[in-house]
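Here are my notes on this entry, set out as numbered points. They begin with one strand, then turn to the nonpolar cores and the chain as a whole.

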Amino acid sequence: MQETLKRALEELALAPELIERVLDSGYFLRTWANPFSGTTWTTVSDMMYGNKQFSSSFPIEEFVQYVKGEFTFPELPPFVILHVKSIDDIKASLADPRRAHYIEDGAFSYRGQPRSYTFQRRIPNPVRAGAEGREISVTAGIYRQTSEVYSFRTPPIERRSFRHFLRHLEPNNPAAWAASHYAYDTMRTEQHYATQTAGLDLTFEIETAIFFATHKMKWDQYDRAYYEKVERGEHNGVIYCFRFTNPTVRQTQYLIREFDLFKTYPPERILRQTCALPLFLQEERNIAITDLNCIIQLDPNFEYEARLTPEYMFPNTQEDRFYGKLLQLKDKYPEDLKNVVEYRWAR
């Protein structure tokens, strides 16, 4: 896809170093067609935002001027940011008639984080980047990068391992390996118990989102994880609220209520967190933000008595038999299952 853009930029006499920056930043040339007239045209698209045209479709001549610093695209409407000091403020925000309708319709989902994250590219998106050239990051784990500059030259690598242990994780199904090719269970469990995938963790329950916005994951001296509630006065959490369209993400379709494959040891953690896991392609890594309804920003002095505890959200091996089996396997195969996290209260 990028070779066509490279040739087009060369024909427009863009400097080679700028062409390299454009390609490293994930831009490509897309061809469009009018089905009625047969007319075709091309625009520059951004692999961060898929086919969402407002943030990923730029006339090539104007895009070249933008890269040179000679043109500015019209700004998109700003995100709706709601500052809240309490759970009552959150409930009042969600009681807005339009949001209440989406919630009742099962089309409203959430993602809570103890802080927001951004990324920087060599050529930021013309309409999505802030004043300093940084873009809000709401990407699936496999697409995240820790380097100072985000590069599309770095391929995403998914290190999934559960398929190698299917006969242990589902011992009552001799055909588990074959069945796994038609079930979502291996990906769902990898995401929530071990390895980041192309799925984005969402929930349809606001309390779950609040938990993740108000707790930080930490590690003790024995390499065991735990969650610690953020102290009042230090909150910096955010809750991203989505109403996905084209395609939709609805509770009836995405809420995980049962498992296709893992029935002997049901993964209790996933059920308790009221999870949804829509998948995103490499060419739409950050497309989720184009479906943001609003961003709930916690006040530093956010006050809230948590209904959900870490021990409930990440149940121990007696309550979550799938997790118990995983830790048994990790004891035996520590290198193969090194990404399975053990919590303080697990055993």
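1. Since the first point turns on burial, a residue is called buried here when its relative accessible area is under 20%. In this predicted model, five of the five residues of strand β4 (residues 109-113) are buried, so the strand is largely enclosed by the rest of the structure. Ser109, Arg111 and Gln113 point one way from β4, while Tyr110 and Gly112 point the other way.

2. The partner of β4 is strand β10 (residues 238-242), and the two pair in the antiparallel sense over five bridges. Within this pairing, Arg111 stands opposite Tyr240 of β10.

3. The largest nonpolar core holds 33 residues, of which Phe162, Leu169, Phe314, Phe322 and Tyr343 touch the most other members. Two or more residues each are given to this core by α7 (166-169), α10 (206-214), β9 (225-229) and α14 (321-332), and the largest share, five residues, comes from α14.

4. Leaving aside residues up to four places away in sequence, Tyr343 touches Met217, Arg224, Ala225, Tyr226, Tyr227, Arg269, Phe314 and Tyr323. A second, separate core of 28 residues includes Met47, Val138, Ile142 and Leu255.

5. The chain has 14 helices and twelve strands. Its radius of gyration is 22 Å, close to the 20 Å that the globule rule gives for 347 residues, so the chain is as compact as a globular protein of that length. Of the 347 residues, 51% count as buried, and among contacts between residues at least 6 apart in sequence, 72% join residues at least 24 apart.

Technical notes
Residues are numbered from 1 along each chain as its sequence is written. This is a predicted model: local features need pLDDT of at least 70, side-chain atom pairs count only at pLDDT 80 or more; totals for chains, interfaces and linings use all residues. Side-chain values use heavy atoms; hydrogens and water are left out. A nonpolar core is a set of buried Ala, Val, Leu, Ile, Met, Phe, Trp, Tyr and Cys residues joined through side-chain atoms within 4.5 Å. Buried means under 20% relative accessible area, exposed over 50%, partly exposed in between (1.4 Å probe, protein chains only). Helices (H or I, at least four residues) and strands (E, at least two) are DSSP runs, numbered from the N terminus. Contact means heavy atoms within 4.5 Å. Two strands pair if DSSP finds at least two bridges between them. The radius of gyration is taken over C-alpha atoms; the globule rule is 2.2 Å times the number of residues to the power 0.38.
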